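These are my notebook entries on one protein chain. I set down what I looked up, one topic at a time.

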Amino acid sequence: MFGALRQWFDPEDQPTVGRTPDYRFSLANERTFLAWIRTGLALIAGGLACAQFLPPLSVAHLREVIAIALLLLGALVALRAVDHWARTERAMRLGQELPGSKFPAILAMVVAAGALLLAAAVIIKAVQ
């Protein structure tokens, strides 16, 4: 566990494994990492916006629940991004298969479920 965390913060300090991959692949891996970080930041910004600007909803504390869920999801995405970047870089250096991930599909389902729940809340509020 601590070895993986150490690799995140001190990649230069770790003994280099395998051979250096083509720099284009490393840069593509970094661009993917940055795209995930942007996604995490967007979720965090959405959580802060909900907490600050969303008026109180008909269900008690729903606004706070939405805000906290978005903030936690943003943090999870950011942590997952750095872990995936490190595992992918290591796999490229060792000439192994790139690590697969179910995370994008799970994230998509969570976001879609959240959107459907919010759409239902808006419809219920409109009908009342």
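**Entry 1. A term needed at the start.** I count two residues as in contact, or touching, when they have heavy atoms within 4.5 Å of each other. The model I am reading is predicted. With that term fixed, I looked up His-84, which is found in helix α3. Leaving aside residues up to four places away in sequence, I found that His-84 touches Pro-99 and Ser-101. Is His-84 buried or exposed? The relative accessible area of His-84 is 19%, and buried means under 20%, so His-84 is buried.

**Entry 2. Thr-88.** I then turned to Thr-88, which also lies in helix α3. Thr-88 has a relative accessibility of 7% and therefore counts as buried. Which residues does Thr-88 touch, not counting those up to four places away in sequence? I noted Asn-29, Leu-98 and Pro-99. Pro-99 thus appears in my notes for Thr-88 and for His-84.

**Entry 3. The chain as a whole.** I next asked how many helices and strands the chain has. I recorded four helices and zero strands. Read along the sequence, the pattern is α-α-α-α. The chain has 128 residues, and buried residues make up 20% of them. The chain exposes about 9200 Å², of which carbon and sulfur atoms supply 69%. I also looked at contacts between residues at least 6 apart in sequence, and 65% of these join residues at least 24 apart.

**Entry 4. Helices α2 and α3.** Before comparing helices, I wrote down a general point: two packed helices are described by the angle between their axes and the distance between the axes. Helix α2 covers residues 23–53, and its axis comes within 7 Å of the axis of α3. The two axes cross at roughly 170°. Angles over 145 degrees count as roughly antiparallel, so α2 and α3 are roughly antiparallel to each other. By class, the residues in the contact of α2 with α3 are 21 nonpolar, eight polar and three charged.

**Entry 5. Helices α3 and α4.** I repeated the reading for helix α3, residues 62–94, and helix α4, residues 103–127. Their axes come within 12 Å and cross at roughly 170°. By the cut-off noted above, α3 and α4 are therefore roughly antiparallel to each other. Which residues of α3 meet α4? I listed Ile-66, Leu-73, Leu-76, Val-77 and Arg-80 on the α3 side. The α4 side supplies Phe-103, Leu-107, Val-110, Val-111 and Leu-118. The contact of α3 with α4 has nine nonpolar residues, no polar residues and one charged residue.

**Entry 6. Arg-80 and its salt bridge.** Arg-80 is one of the α3 residues that meet α4, and I looked it up further. Arg-80 forms a salt bridge with Asp-83, and the closest N and O atoms of the pair are 3.7 Å apart. Arg-80 and Asp-83 stand three residues apart in helix α3, so about one helical turn separates them. Arg-80 has 17% relative accessibility and counts as buried, whereas Asp-83 is partly exposed, with a relative accessible area of 24%. Salt bridges that share partners join Arg-80, Asp-83 and Arg-87 into one network.

**Entry 7. Other salt bridges.** How many salt bridges does a search of the whole structure find? The search finds four. One of them links Arg-24 and Asp-22, with the closest N and O atoms 2.5 Å apart. Arg-24 counts as exposed at 51% relative accessibility, while Asp-22 is partly exposed at 27% relative accessible area. I also noted a salt bridge between Arg-63 and Glu-64, where the closest N and O atoms are 3.2 Å apart. Glu-64 is partly exposed, with a relative accessible area of 32%.

**Entry 8. Ile-68.** My last item was Ile-68, found in helix α3. Ile-68 has 49% relative accessibility and counts as partly exposed. Ile-68 and Ala-51 are 17 residues apart in sequence, and their C-alpha atoms are 8.3 Å apart in space.

Note on methods:
Residues numbered from 1 in each chain as written. Predicted model: local features only at pLDDT ≥ 70, side-chain atom pairs only at ≥ 80, totals over all residues. Heavy atoms only, no water. Axes fitted to C-alpha atoms, helices over the stretch in contact; angles between N-to-C directions. Helix = DSSP H or I, 4+ residues; strand = E, 2+ residues; numbered from the N terminus. Parallel < 35°, antiparallel > 145°, perpendicular 65-115°, else oblique. Nonpolar A, V, L, I, M, F, W, Y, C, P; charged D, E, K, R; others polar. Salt bridge = Lys/Arg side-chain N within 4 Å of Asp/Glu carboxyl O. Buried < 20%, exposed > 50% of the residue type's maximum accessible area, 1.4 Å probe, protein only. Areas by Shrake-Rupley, 256 points an atom, 1.4 Å probe, with all protein chains shown as cover.
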